[in-house]
Amino acid sequence: MEQSFILKAQSPAALAEEYIVKSIWENKYPAGTELPAERELADKIGVTRTTLREVLQRLARDGWLTIQHGKATRVNDIWQSAGPNVLNTVLKLDHTLAPVIVSNVLSLRTRMAEYYVREAVKISPKDSLALFAPLAELADTPEAYVEFDYNLFRQFTFIANKPVYALVLNSFRSMYLQVASLFFQNAQARELTLQFYLQLQKLCEAGDYNGVMECIIRNRHESGQFWSAILQSLPESFGENK
């Protein structure tokens with residue numbers, strides 16, 4: 001197999017996927033161009049055509065490629081065609097993008113929440129309040145906070161009748177959990193967030209949906225110091241699948 005870079009994958013399918021993705025990312029196969037024919041590409045990578053075909057289909061679903069029957073497979077510009085599910089792959093390809101990607105994920109999560117959590121409390125304060133039932137027994141561990149936080153904000157989307165927002169959260173769940181895990185490693189960050197949960201719980205109890213957005217915005221500002229420190233020292237392993 002021709003190699004201009006080191007491949008780490010072990011299985012044939014993973015090897016083929018890594019080779020193609022790296023080749024696209026490093027402009028060996030630039031966006032808008034066509035991949036070599038299946039037979040040629042399979043021989044170059046050292047895998048069977050069946051394995052290659054399965055990989056190409058998967059990469060097409062993720063937005064890296066466009067496959068049309070009877071035509072050559074075309075390379076896409078992932079920033080135009082892919083979804084958040086490729087974020088971990090992008091981070092493996094270029095770790096220097098980690099601060100930007102993390103900042104974007106944080107911004108998207110918070111900005112969405114400012115809107116749909118308010119809507120949830122407006123529609124059903126009772127159902128919104130019920131989401132905080134596990135809070136009394138929330139363990140003071142990063143893992144417990146990560147799980148509670150993700151589930152809390154995801155369930156709010158359904159009460160708000162915004163299921164598409166839940167799909168958005170699903171699409172970058174892995175990244176969301178990794179980002180939250182870094183944040184909740186800090187005991188002070190957990191305490192700050194606990195106070196935020198308690199304030200949000202009181203707003204739900206009072207049915208004060210107008211106060212929700214202000215509460216979330218205030219928490220965003222207060223947690224900023226922790227995020228600044230995290231973004232300056234992201235671990236090299238960040239973005240790897242757990």
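This passage walks through a predicted model of a single chain, from its overall build down to a handful of individual residues.

Starting with the overall picture, the secondary structure comes to 13 helices and 2 strands. The C-alpha trace spans about 65 × 35 × 25 Å along its principal axes. The chain has 242 residues, and 42% of them count as buried. As for the outside, about 13,000 Å² is exposed, with carbon and sulfur atoms supplying 50% of that area. Charged side chains come to 25 positive and 27 negative, and the centres of these two sets lie 5 Å apart. Among contacts with a separation of 6 or more, 65% link residues that are 24 or more positions apart.

The domain assignment splits the chain into domain 1 (12–82) and domain 2 (88–232). Their C-alpha centres are 36 Å apart. Where the two domains meet, 6 residues of domain 1 are in contact with 5 residues of domain 2.

What about the inside? The largest nonpolar core has 72 residues, and those with the most contacts inside it are I20, V117, F156 and Y197. Helix α6 (residues 98–123) gives the largest share of this core, at 11 residues. Both domain 1 (12–82) and domain 2 (88–232) give residues to the core, so it lies between them. As a bit of background, nonpolar side chains tend to be buried together in soluble globular proteins.

F156 gives a closer look at that core. Neighbours within four places in sequence aside, F156 is in contact with Y116, V117, A120, V121, S128, L131, F132, L200 and C204. One of these partners, V117, is also listed with F156 among the residues with the most contacts inside the core.

Turning to domain 1 (12–82), two loop residues are worth a look. V47 is in the loop between α2 and α3 (49–62). The relative accessible area of V47 is 11%, which is under the 20% cut-off, so V47 counts as buried. Beyond its neighbours within four places in sequence, V47 is in contact with P12, A16, A42 and L52. On a longer scale, V47 and F184 are 137 residues apart along the chain, and their C-alpha atoms are separated by 42 Å.

The other loop residue is T73, found between β1 (65–66) and β2 (74–75). T73 is buried because its relative accessibility is 14%, again under 20%. Leaving out neighbours within four places in sequence, the contacts of T73 fall into two stretches of numbering: T33, E34 and L35, and then L65, T66 and I67.

Two asparagines stand out for their backbone angles. Most residues other than glycine have a negative phi. N27, however, has a positive phi near 65 degrees, and N161 has a positive phi of about 60 degrees. Both are loop residues: N27 is in the loop between α1 (12–25) and α2 (38–45), while N161 is in the loop between α8 (142–159) and α9 (163–171). Are these asparagines buried or exposed? N27 has a relative accessibility of 51%, and N161 a relative accessible area of 59%; these values are over 50%, so both residues count as exposed.

Helices supply the last two residues. G211 is in helix α12 (residues 210–222). With a relative accessible area of 15%, G211 is under the 20% cut-off and is therefore buried. G211 and S81 are 130 residues apart in sequence, and their C-alpha atoms are 38 Å apart in space.

S181 is in helix α10 (residues 173–184). Its relative accessible area is 28%, in between the 20% and 50% cut-offs, so S181 is classed as partly exposed. The C-alpha atoms of S181 and E147 are separated by 9.3 Å, although the two residues are 34 residues apart along the chain.

How values were computed:
Residues numbered from 1 in each chain as written. Predicted model: local features only at pLDDT ≥ 70, side-chain atom pairs only at ≥ 80, totals over all residues. Heavy atoms only, no water. Helix = DSSP H or I, 4+ residues; strand = E, 2+ residues; numbered from the N terminus. Buried < 20%, exposed > 50% of the residue type's maximum accessible area, 1.4 Å probe, protein only. Contact = heavy atoms within 4.5 Å. Areas by Shrake-Rupley, 256 points an atom, 1.4 Å probe, with all protein chains shown as cover. Lys, Arg positive; Asp, Glu negative; His and termini not counted. Charge placed at Lys NZ, Arg CZ, Asp CG, Glu CD. Core = buried A, V, L, I, M, F, W, Y, C linked by side-chain atoms within 4.5 Å. Domains from an automatic or database assignment.
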